[in-house]
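Welcome, and please have your favourite viewer ready. The exercises below go from single side chains to the whole fold, each with a worked solution.

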Amino acid sequence: MTKDVKRKLTIGAIFGAMGPGLLAALSGNDAGGIATYSSAGASYGYEMLWMLPVMTVLLIVTQETAARCGCVTGKGFASLIREKFGVRRSAIAMGALLVANIAVTISEFAGIASGLALFGIPATVSVPLAAILIWMLTMSGSFRRIEKILLIISCVFVTYVVAAFIAGPDWGAVGLATFTPGIQADPSYISLVVATIGTTIAPWMIFLAQSNVVDKNASAEDLALQRIDAISGSVLADTVAWFIIVTTGTVLFPAGVKIADAADAALALEPIAGQFSTVLFSAGLVAASFLAACVLPGVTSSAVCEAFGWERGADRNWSEAPVYRGIITAIIAASALLVILPGVDLFQIMMGSQVINGILLPVLLVFQVRIAQDPHIMGKHRNGRLWNILTWAKIAVITVLTAVMFVLQAMGY
């Protein structure tokens, strides 16, 4: 390690580099994520906790690769896809991202509606107000300001840690389940595994992590700092997810409570764990949904504009980047409108968006690994053998699980 790198690895430098990895990973614990983890705990108790350590390793691989590609090339993921694979394949990647991100953005507004409904605020009031606030924040014209505000909002995730301790789990059983893998051959379990993968490593997180590194003007010299950010963000995000499963597995599973709405997990905690747990869980749901809703439209618009060469960036005004700002506005408006339509099943939107993520993720991971292992693009910072093995294994497992899920459902199991 050179003196220059040693000098950079100070506490101040590390905190200064924090942001891209933390935001990308924590934003994955959104409305759909909370619904997925809550459903895992309520349906199977602690049996799915073993997935979190595995998913943390795979998330670190994905996030570190994204940060490294951004630092080395100075370009976003969409731009690298276009340069290496051409416009046609880039259009396929953007189509996958667009479908996944619109579905997830809808789920964020559904999470806001469900969470605030527990405080007596109807969706017809909460959703339009949230949409206006989110639109104003994303249009504020300063990436640094937006990043700081979102990092402050992400502090609310500590509520899930508190809720878990209030629930009073059997920590011995929790520890055993965390490190004892188990698979059940039924469609519901497999679907939940796919949804968990889709919410832990969401396709849009790759774009967000890499574009944020580029927006911060990080270079190859900053790799050590960005790796710390990517790893710490991944560990922190999956720790939060672990506590959500512990809480619902402790309280809801023994009581036989089934989750039929994102807010059900919070509401069902009250008779057993107390009103404070319900308030904590509800507040976390609203804040997490708001955080991701602020991030997703910008990520989507930025990637699409980058792929097709249009001007983009929070620092660009309407005259400089009309397509970028127009896409953000359209996604926010359409998502909010759909959620407040009568008869919409908010929980199915949340869960469905995570399954879509799980299905589309391999498409984008193939693009990522082929870029990251290309010596002409990455030079000496290209993927090593271990990173390649882990990424291709991840792609294979997700693809197989998705295929098994559809086969089991087609057979009527």
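Aspartate 374 counts as buried at 12% relative accessibility, where buried means under 20% relative accessible area, exposed over 50%, and partly exposed in between (1.4 Å probe, protein chains only). This is a predicted model, in which local features need pLDDT of at least 70 and side-chain atom pairs count only at pLDDT 80 or more, while totals for chains, interfaces and linings use all residues. Residues are numbered from 1 along each chain as its sequence is written, and side-chain values use heavy atoms, with hydrogens and water left out.

**Exercise 1. Find the salt-bridge partner of aspartate 374 and place both residues in the fold.**

Step 1: Apply the criterion, a side-chain nitrogen of Lys or Arg within 4 Å of a carboxyl oxygen of Asp or Glu. The partner is lysine 84, with the closest N and O atoms 2.8 Å apart.

Step 2: Locate the two ends. Lysine 84 belongs to helix α6 (residues 77–117), and aspartate 374 to the loop between α17 (346–372) and α18 (375–378), so the bridge ties together parts 290 residues apart in sequence. Helices here are DSSP runs (H or I, at least four residues; strands are E, at least two), numbered from the N terminus.

Step 3: Check exposure. Lysine 84 is partly exposed, at 30% relative accessibility.

**Exercise 2. Work out which residues form a salt-bridge network with Glu64.**

Step 1: Recall the principle: side chains of opposite charge can pair when their charged atoms come close.

Step 2: Start inside α5. Glutamate 64 and arginine 68 form a salt bridge at 3.0 Å, N to O. These two residues are four apart in helix α5, which means about one helical turn separates them.

Step 3: Look further along the chain. Arginine 227 also bridges to glutamate 64, at 2.7 Å, N to O. This pair links helix α13 to helix α5, across 163 residues.

Step 4: Compare the surroundings. Glutamate 64 is buried, with a relative accessible area of 6%, whereas arginine 227 is partly exposed at 33%.

Step 5: Join the pairs. Through shared partners, Glu64, Arg68 and Arg227 make one network. The total count of salt bridges is five.

**Exercise 3. Decide how the buried residues of α10 are arranged around the helix axis.**

Step 1: List them. In α10 (residues 171–178), Val174, Ala177 and Thr178 are buried.

Step 2: Look down the axis. The buried residues of α10 fall within an arc of 100°, so they line one face of the helix; the arc is that of the directions from the helix axis to the C-beta atoms.

Step 3: Find what they pack against. The buried residues of α10 pack against α5 (51–73) and α13 (223–255).

**Exercise 4. Identify the residues of the largest nonpolar core that touch the most other members.**

Step 1: Build the core from buried Ala, Val, Leu, Ile, Met, Phe, Trp, Tyr and Cys residues joined through side-chain atoms within 4.5 Å.

Step 2: Rank the members. Of 107 residues, Met94, Phe109, Trp204 and Phe207 touch the most others. Helix α15 (residues 275–308) gives the largest share, 17 residues.

Step 3: Zoom in on phenylalanine 109. Leaving aside neighbours within four places in sequence, its contacts (heavy atoms within 4.5 Å) include Val127, Ile134, Ile332 and Val339.

Step 4: Zoom out. The chain has 19 helices and zero strands, and 58% of its 413 residues count as buried.
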